[in-house]
Amino acid sequence: MMAADSDPESEVFEITDFTTASEWERFVSRVEEVLNDWKLIGNNSSKPPEKGEYTSGTWEEKTQDINFADFKFSVTHHCLKQESEEGEGKEEPEEDAFPTAMQDLLCMNNDFPPRAHCLVRWYGMREFVVISPGANCEAVISESKCNLLLSSISISLANTGCQVPMFVQIQQKWRRMYHGECQGLGVRTDFEMVHLRKVPSQYNHLSGLLDIFKSKIGCPLTPLPPINIAIRFTYVLQDWQQYSWPQQPPDFDALLGGEVGGVEFGKLPFGACEDPISELHLATTWPHLTEGIVVDNDVYSDLDPLQAPHWSVRVRKADNPTCLLGDFLTEFFKLCSKKESTEEILGRGPVEEEGKDDISHALSKLTEPTAVPIPKLSVSNMVHSARKRIRRHRRVDESPLSNDVLNSILLYLFPDAAIDKSSSENSESKASQLNTDGKPEEKESDDYNLYNQLKSAPSDSLTYRLALCVCLVNFYHGGVRAVAHLWQEFVLEMRYRWENNYLVYGLASGPPDLRCCLLHQKLQMLNCCIERKRARDDGRKMAEGGKERERGRERKVSGATGTENGRLGPESAEMGREVSPGKSWDSWSDSEGEDEFFECLSDTEEMKEAGSTDGEKGGAKVAKPDGRLHPHGKLTLLNSQEPLYIPVTQEPAPMTEDLLEEQSEVLAKLGTSAEGAHLRARMQSACLLSDMESFKAANPGCTLEDFVRWYSPRDYVEEEVVDENGDTVVRGDLSARMKIPGNMWMEAWATAKTTPARRQRRLFDDTKEAEKVLHYLAVQKPADLTRHLLPCILHAAILKEKEEESVEDILSVRKAIQQATSHASKLLRHPSPDYKKLEDVITQLIAVETVIARSRSLKAKFGIGKAEQGDNAEDLERFVSSLLEEPEVSVIGAGRGPAGSIIHKLFVSAQRAALLAPLDEDTGRGGGADDKKPMGGASVPDFPPPAGREILLRTCVPRPAPYSKALPQRLFCVLMREDFRLAGAFSSDTSFF
């Protein structure tokens, strides 16, 4: 029995209570322990619950597992959390007060609560304990086991003095069968239940149920105390006749007729594909009746729903209705898990196809001239020749996207392509206007700046439009193959624009915006490269024009070979060489080579020039200033009275976030040693060195102090001192950090040459960077592209839902959108987002779309927005919004109110349609004498037979003897087509029987 007997060496000493000998007694003891632990002992009397408190209040649950031998049970305590009950209730409990549960049996404030535990609905209790079989245990079906459990709880309640009712769940769980008991001082209530599949014909009405109740309580008094009756009939409307679901169908002509660009592309769809409101449940209630007031038997019934004093409505919402925006987001998100590359999806690329030729001809192919066919102009007038090659190798019937759809998408993505290229100046000005995003008034709005939170892209940018197109193409035009096809065309368009100096449309000018997604930064970087390349080309053209003019002068002035021509020479020669027809500077390798050669040549020329000037006079002559922008205020050089000029400098190299991260990793790897720190400083000072060289060229004879005064004024400290003559003068000096030996600024100044920005080696190699961007784009798989664009799609979905919500004005939806936005913001700003959690964001957005669709469905059904509603429009709108938020909504005025009359019409039209009867004109009658039709009448009734009838009978009688206390008795009856339930609570006096 003890642990020590089975294992002598064990140090655990366990005391076993031998007084609880049997398993049954142990079980009873365990139940008593749980009741004591939960402090459910004694009578905790409290004030009666307020009206509707069972629905609006908070219910608490506590659960604990116990065993009966090896059979597991779960004990659960359900309790309505009420306001602090200190005061009269606890301080002065009546000695002979009934248990709270008995008082609740007669309370009428919370009959038929719309959302509560079934025992709360049937017995009206605010606190109870349920013992039910464990999760994977079989149901308690045999009568002997049921009686054993009931005996157990009866003994536990008696031993502990607990006045909270206890129930045991018996039979299969779906039957919701409970038997229980509640004990007080000298009183006891037994909770019993009957559950049948069919309603016995003699109990299919109020009079039969009253007979059961009277026979059960067996009251010996001859004038029987009055029985209080509450009745609720529930009618279900499933067929929404004449109220079609208000979802607008997609514009198939626009989708299929070639006018896709701008019509449907760029607009995410929205709304449910099916009615998200499946049923309307009308509950007609008679809360206070007595036996003689109403007649309801097998022949006749007074219970006409139109005459019911209280109506309430609930709607049954369709489970997970199919929603357009939700489907788009879900299908787009699925692309993230695809593994295939673009080549694997679309077949072998053009390079592999051409590789089939004999390899011996490879070198001859490089050297032989080839005829370049003039490509036919596409809709965009700028489709790259590589696109034609790829289409040749992929048969037309294999292309996921037809030419019409593809051209429409490209025209939507690149509207600047529609501008006539015949006048290049005009087209460039228009493109630049388009490129600067012509919506200044909207840029300050929170919705426009949402991309900052989500790390996506501005809603008028190319990246955002590309995301919308990829999403629509994925859903409508062939899934991942269509996405791969579109991406391939997009990358070719990017290369074409780079090679032909066309700016990419729809991107803000300037360096990459690190607040946006990486793909947007890459496209901005490509635009930066194109801008630099165009600026360089414009400079070459100007230099070439200057060279032509110089040649004209040379013809007139013979022998003019002075220093000026010597300085112009290298630039002119450079320009002439770079634009010569034999070279193509569209090729990155040529451009790179030209740059290197240009630098060497310029250095040589500067040495020649220095030799021809300074060599003769021993360096006394100062070099001619070059590359000046404008004077820097009234500052002059420290060593002369010449004004200090701000030089023309090179722009710093723009960086995307992945390049910045790569650079920081390289710098971090240099370590913390002195050599590493020095190398790190030199790597970071390339821009500083360039600016120093430009400054030296613009300000001949300048010093480091002059440079610091312009570049870092805080490092030049000025103070007033008294000179030899006693005058107060201002003198300046470098700051302490600038005077540190081995200071990087001093080293850089010492090594800086006198070279204007236009002659320096480029800080930003646009050709190399553009090729890196194009390669990065080309190797992206559809899954990679989807991950890049997912923030933009979530951004678009949130904007769409905000737009739709603004029409409906639903507070809960606004809050849900804010929550989804903040949730998405936290996830997307992480360097590697958790895509499983992002799926939760999509689920949140789908839930928002469903609520908006439900609101629209209900508004359409109740005719909100139509002119004929007049004064009742506001009341109806409040009613509809309450239906969405609350489990059950009371109808003001019942069947005669504005909402009630609409509900009545809905039922009438459904009835006429179901029975194929013609619709009468006076379907909105308020209910008169002719509304009460005998059952079996020939005319069509306004309402179908009730789907469910609930009848609640209550009284207070002495039981079991005439001299016993008058105790509450209650019977709750549920009558449905295939369900008949009687839940009775019958109290008896245990002192006087």
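1. For this note, a residue is called buried when its relative accessible area is under 20%. Keep in mind that this is a predicted model. With that cut-off, helix α15 (residues 403-413) has these buried residues: Val405, Leu406, Asn407, Ser408, Ile409, Leu410, Tyr412 and Leu413. That makes eight of its eleven residues, so α15 is largely enclosed by the rest of the structure.

2. Strand β17 (residues 979-989) goes further: eleven of its eleven residues are buried, so the strand is largely enclosed by the rest of the structure. Both of its faces are covered. One side carries Asp979, Arg981, Ala983, Ala985, Ser987 and Asp989, and the other carries Phe980, Leu982, Gly984, Phe986 and Ser988. Note the charged names in that list, Asp979, Arg981 and Asp989, all of them buried.

3. Which strands pair with β17? Strand β6 (residues 187-196) does, in the antiparallel sense and over ten bridges. Here glutamate 192 stands opposite glycine 984 in β17. Strand β16 (residues 966-976) also pairs with β17 in the antiparallel sense, over eight bridges, and valine 974 stands opposite arginine 981. A hairpin through two residues joins β16 to β17.

4. On to the cores. The largest nonpolar core has 137 residues, and those with the most contacts inside it are Leu280, Met494, Phe862, Phe879, Ile903 and Leu953. Apart from it lies another core, of 47 residues, with Cys146, Val164, Phe972 and Ala983 among them. Ala983 is a residue you've already met in β17. In soluble globular proteins, nonpolar side chains tend to be buried together.

5. Leucine 329 is worth a click. This residue is in helix α10 (residues 324-334) and is buried, with a relative accessible area of 2%. Leaving aside residues up to four places away in sequence, leucine 329 touches Ile793, Ala797, Ile842 and Leu845. Its C-alpha atom is 8.7 Å from that of isoleucine 846, even though the two residues are 517 apart along the chain.

6. The structure holds 29 aromatic pairs. Take phenylalanine 71 and phenylalanine 73: their ring centres are 4.9 Å apart and their planes are at 50 degrees, so the pair is tilted. Phenylalanine 73 counts as buried, at 4% relative accessibility. Phenylalanine 707 and tryptophan 745 are also a tilted pair, with ring centres 6.1 Å apart and planes at 55 degrees. This pair links distant parts of the chain, 38 residues apart: phenylalanine 707 is in helix α26 (residues 704-711) and tryptophan 745 in helix α27 (residues 744-751).

7. Are those two rings' residues buried or exposed? Phenylalanine 707 is buried at 0% relative accessible area, and tryptophan 745 is buried at 14%. Both belong to one aromatic cluster, formed by Phe695, Phe707, Trp710, Tyr711, Trp745 and Trp749.

8. Two lysines have their charged ends over rings. For lysine 522, the ring is that of tyrosine 776, with the charged end 4.5 Å from its centre. For lysine 533, the ring is that of tryptophan 498, and the distance to its centre is 4.1 Å.

9. Tyr776 is also one of the buried residues of helix α28, along with Asp766, Thr767, Glu769, Ala770, Glu771, Val773, Leu774 and Leu777. How far apart are the end C-alpha atoms of α28 (residues 766-778)? They are 18 Å apart, which agrees with the 18 Å that its 13 residues should span at 1.5 Å a residue.

Technical notes
Residues numbered from 1 in each chain as written. Predicted model: local features only at pLDDT ≥ 70, side-chain atom pairs only at ≥ 80, totals over all residues. Heavy atoms only, no water. Helix = DSSP H or I, 4+ residues; strand = E, 2+ residues; numbered from the N terminus. Buried < 20%, exposed > 50% of the residue type's maximum accessible area, 1.4 Å probe, protein only. Contact = heavy atoms within 4.5 Å. Phe/Tyr/Trp six-rings, centres within 6.5 Å; stacked < 30°, edge-to-face > 60°. Lys NZ or Arg CZ within 6 Å of the ring centre and 35° of its normal. Expected span 1.5 Å × (residues − 1). Core = buried A, V, L, I, M, F, W, Y, C linked by side-chain atoms within 4.5 Å. Pairing = 2+ DSSP bridges.
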